[in-house]
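Visitor: I would like to go through this model and ask how each label is justified. Please show it to me.

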Amino acid sequence: PLLEIDPPKMDLVSADGSARQGDFVLKSVGTQTLELHELLLLGDDSFSILEGQPVSLEPGDQTRVTILWEPEETYETAELWVTDNTPLGSAMAPITGTMPPPCLGLAEAWNIGSLYARVDAMGTMILENTGNVQNTISPVLDHTVSPEKSMTSKQARSQNTMCAAST
């Protein structure tokens, strides 16, 4: 018996912090009956098996395992372990959950020392990243400012309409 896990790894992304789910397909690709003895998740507690159970699969048969991620942190990991009757006795697929950092207003980005903003004599706002990570300015500018770089935009006139998020 041989087991194929598809996809070989799972990356879940939650832009707003809401729960996300994804499916693994466990397929019998050998010539003998595949016995899936146990499905186990190891890692962050924010991951769980929503659907899926140990089964016997004839060659060519498959079953689905649904993983649920309820974000607690911006980056979390787990592993799906499947014990079986293959020569190796088990297989593993890594899982990651990523939640982009929250959007900061310009004043907040300023307060934590990662953004410097000024307006020149012509009324152009100049934004300078003084931190060590990229800052994405949106929605008006929709532009990324790399560390130790500056950006100029005549469109940037109001602090209330822009947002800075470290990425």
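Guide: A residue is called buried under 20% relative accessible area, exposed over 50%, and partly exposed in between. The model is a predicted one. Asp11 has 47% relative accessibility, a value between the two limits, so Asp11 counts as partly exposed.

Visitor: What makes the contact of Asp11 with Lys9 a salt bridge?

Guide: The closest N and O atoms of Asp11 and Lys9 are 3.7 Å apart. The limit is 4 Å between a side-chain nitrogen of Lys or Arg and a carboxyl oxygen of Asp or Glu, so the pair qualifies.

Visitor: How many salt bridges are there in the whole structure?

Guide: The search finds four. One of them joins the side chains of Asp16 and Arg20, at 3.6 Å from N to O.

Visitor: Why is Asp16 called exposed?

Guide: Its relative accessibility is 57%, and exposed means over 50%, so Asp16 counts as exposed. Its partner Arg20 has 29%, which lies between 20% and 50%, and therefore Arg20 is partly exposed.

Visitor: What makes Glu51 and Arg64 a salt bridge?

Guide: Their side chains meet at 2.7 Å, N to O. That distance is within 4 Å, so the definition is met. The pair links distant parts of the chain: Glu51 belongs to strand β5 (residues 47-51) and Arg64 to strand β7, 13 residues apart.

Visitor: Are Glu51 and Arg64 buried or exposed, or in between?

Guide: In between. Glu51 has a relative accessible area of 40%, so it is partly exposed. Arg64 also has 40% and is therefore partly exposed. Together with Asp23, the two residues are linked in a network of salt bridges.

Visitor: Why is Ser28 called buried?

Guide: Ser28 has 1% relative accessibility, and buried means under 20%, so Ser28 counts as buried. Its place is in strand β3. Not counting residues up to four places away in sequence, Ser28 touches Leu2, Leu34, Leu57, Glu58, Pro59, Gly60 and Asp61.

Visitor: What makes Thr74 partly exposed?

Guide: Its relative accessibility is 43%, over 20% but not over 50%, so Thr74 counts as partly exposed. Thr74 is found in the loop between β7 and β8. Leaving out residues up to four places away in sequence, Thr74 touches Gly97, Thr98 and Met99. The C-alpha atoms of Thr74 and Ala15 are 9.9 Å apart, with their positions 59 residues apart along the chain.

Visitor: Which residues have the most contacts inside the largest nonpolar core?

Guide: Phe24 and Ile95, in a core of 22 residues. Strands β1, β2, β3, β4, β7, β8 and β9 each supply at least two residues of this core. The largest share, four residues, comes from β4.

Visitor: What is Ile95 in contact with, leaving aside its neighbours within four places in sequence?

Guide: The list includes Met10, Phe24, Leu41, Phe47, Ile67 and Leu80. Glu76, Thr77, Ala78 and Glu79 are also among them.

Visitor: How many helices and strands does the chain have?

Guide: One helix and 16 strands. Of the 167 residues, 35% count as buried. Among contacts with a separation of 6 or more, 54% are between residues 24 or more positions apart. The accessible surface comes to about 9500 Å², with 50% of it belonging to carbon and sulfur atoms.

Methods: Residues numbered from 1 in each chain as written. Predicted model: local features only at pLDDT ≥ 70, side-chain atom pairs only at ≥ 80, totals over all residues. Heavy atoms only, no water. Core = buried A, V, L, I, M, F, W, Y, C linked by side-chain atoms within 4.5 Å. Buried < 20%, exposed > 50% of the residue type's maximum accessible area, 1.4 Å probe, protein only. Contact = heavy atoms within 4.5 Å. Areas by Shrake-Rupley, 256 points an atom, 1.4 Å probe, with all protein chains shown as cover.
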